[in-house]
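Biologist: I'd like to learn how to read a structure with a ligand in it. Can you walk me through one, feature by feature?
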Amino acid sequence: MEKEEGGIAIQGVKLLAEAGISQLPPKFIRPPHERNSIAQCSPHHIPLLDLTHLHGHNRHLLLEQLHTACKQWGFFRVINHGVSARICDRMMEVVNQFFDLPIEEKMVYYEGNILKKGTRYGVSFNAETDEVLEWRDSLRHFCCPLPEVVETWPDKPAAYREIAVEYATSVRHLAEQLLAALSECLELKADRLLRSLGTFIQTLLMNYYPPCPNPELALGLTAHSDISALTVLLQDETTGLQVSQDGLWVDVEPVPNSFIVNVGDVLQVLSNDTYQSVQHRAITNSEKARVSIVMYCAPSLDTQIFPFKELVDNDHPPLFRGFTYADYRTSFYSKRREGKQPLESMRIVAV
Ligand SMILES: O=C(O)CCC(=O)C(=O)O
Ligand SMILES: [Fe+2]
């Protein structure tokens, strides 16, 4: 029985949900302190920024809001961001169509080990090693260099590649504008952040969270901070993402035509702790599937990450030791550790 459960789960949690199970299999049950409970929820909302003001005479006010959001929350939502509603809707549609494919079609891309294969369909974070499984299927692929990697992306549904190219290109443009604005917020040259990422790895991760028979016992995604520099996330109309603030969990309610943006570990290091990468997780529900489309903006693998020299002086010593992004990524993926522990392991401890 155990083996059979495991076998089904490896092929996809969606399949398990569709089999009509009434009880969550033991492998998905979280220890009590990790479960979603009303007592740990906060009524607050993450900041909402109107990017119309990126251009025009109110830019300085927007930059102030951006700076405060990255310092205090590490998370914010953006509206009027320049990515068309049409391409966001089409991307959601083709991603849903991918997850709706027969299991054999998805298994073509299956890979247990998250460090192997760029284009990967998988279950949980790493179904082969996770002690408790996440209630989540996912599809991940790199987006650069586009002409080379596109060939490795799913060719079903038929429109997937064309739509995902347009989506990745538009969201990259948005990310570059945000990186320029953040450089300005840090009083650096406008291209400083973008240049510090080397050739800039753009990765898309599509998460599919099916309805869960016991949402109070499971998590769709374990609490973590992103290892990226910046993450730009599109969610559908179902609530599920939660952001940690002051020891409580804040629901990120869906807002039509918005993206959710968050600071990743790399930006926390580069900004020498000015900005915070913040823990977040995804909860599940018993009614409705949820999809999120996540774009990570990260440095190229050989890039050395350390606090910007412009932000360091005798009164502000560097708070992190330098490391290559390749090493950081490998250590994160080899065994995902709790919360912000990967980043804290890079902190210089005062003696
Ligand atoms: O599904 C979500 O909203 C969160 C996804 C996320 O945090 C991630 O994939 O890194
Ligand atoms: Fe994340």
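Biologist: Which atoms of Tyr296 and ligand 1 should I look at, and what is the distance in Å?

Modeller: Keep in mind that this is a predicted model. For a polar contact, we look for a pair of N or O atoms within 3.5 Å. Here, a polar atom in the side chain of Tyr296 sits 2.7 Å from an oxygen atom of ligand 1. Ser292 has a side-chain N or O atom 2.7 Å from an oxygen atom of the ligand. Then there's His224, with a polar side-chain atom 3.1 Å from a ligand 1 oxygen.

Biologist: How much of ligand 1 does the protein bury?

Modeller: You take the area the ligand exposes on its own, then ask what share gets covered. Ligand 1 alone exposes 290 Å², and the protein buries 98% of that.

Biologist: How many residues surround ligand 1, and which are the closest?

Modeller: Here we count a residue if one of its heavy atoms lies within 4 Å of the ligand. That gives 13 residues around ligand 1, with Tyr209, His280, Arg290, Ser292 and Tyr296 the closest. By class, the shell has seven nonpolar residues, four polar ones and two charged ones.

Biologist: And which strands supply at least two residues of that shell?

Modeller: Three strands do: S6 (201–209), S7 (221–224) and S13 (290–298). S13 gives the largest share, with four residues.

Biologist: Now pockets, please. What takes up the space of the largest pocket?

Modeller: A pocket is an open space, whereas a cavity is one that a probe cannot get out of. The largest pocket in this model is the space taken by ligand 1. The pocket holds about 500 Å³ of space.

Biologist: How many residues line the largest pocket, and which lie nearest its centre?

Modeller: There are 35 lining residues, and Leu205, Asp226, Tyr296, Phe332 and Tyr333 are the ones nearest the centre. You've met Tyr296 already, as a polar partner of ligand 1. The lining splits into 18 nonpolar, nine polar and eight charged residues. Strands S5 (137–142), S6, S7, S12 (280–282) and S13, along with helix H10 (325–334), each supply at least two residues of it.

Biologist: How many cavities of 30 Å³ or more turn up in the whole structure?

Modeller: Just one. The largest cavity has about 30 Å³ of space. Its lining includes Tyr209, Thr238, Asn285, Lys288 and Arg290. Tyr209 and Arg290 are also among the closest residues to ligand 1. By class, the cavity lining has two nonpolar, five polar and two charged residues.

Biologist: Let's turn to the backbone. Which peptide bond is cis, with omega near -10 degrees?

Modeller: For this, you read the omega angle of the peptide bond. The bond from Cys144 to Pro145 is the cis one with omega near -10 degrees. Pro145 is in the loop between S5 and helix H6 (146–149). Another cis bond runs from Lys156 to Pro157, with omega near -5 degrees. You'll find Pro157 in the loop between H6 and helix H7 (160–185).

Biologist: What about phi: where is Asp246 found, and what is its value?

Modeller: Asp246 has a positive phi of about 50 degrees, although it is not a glycine. Look for Asp246 in the loop between strands S9 (241–245) and S10 (248–251).

Terms used
Residues are numbered from 1 along each chain as its sequence is written. Chains are lettered from A and ligands numbered from 1 in the order in which they are written. This is a predicted model: local features need pLDDT of at least 70, side-chain atom pairs count only at pLDDT 80 or more; totals for chains, interfaces and linings use all residues. Side-chain values use heavy atoms; hydrogens and water are left out. A polar contact is a pair of N or O atoms within 3.5 Å; within protein, one must be able to donate a hydrogen and the other to accept it, and residues adjacent in sequence count only if both atoms are side-chain atoms. Accessible areas come from the Shrake-Rupley method with a 1.4 Å probe; for residues, only the protein chains shown count as cover. On a 1 Å grid over the protein atoms alone, a cavity is a set of points where a 1.4 Å probe fits but cannot get out, and a pocket is an open set with protein on both sides within 12 Å along at least five of seven lines; lining residues have an atom within 4 Å of a point. A molecule sits in a cavity or pocket if more than half of its atoms lie within 2 Å of its grid points. Ala, Val, Leu, Ile, Met, Phe, Trp, Tyr, Cys and Pro count as nonpolar, Asp, Glu, Lys and Arg as charged, and the others, Gly among them, as polar. Grid points are joined across faces, edges and corners, and a volume is the space filled by probe spheres set on the points.
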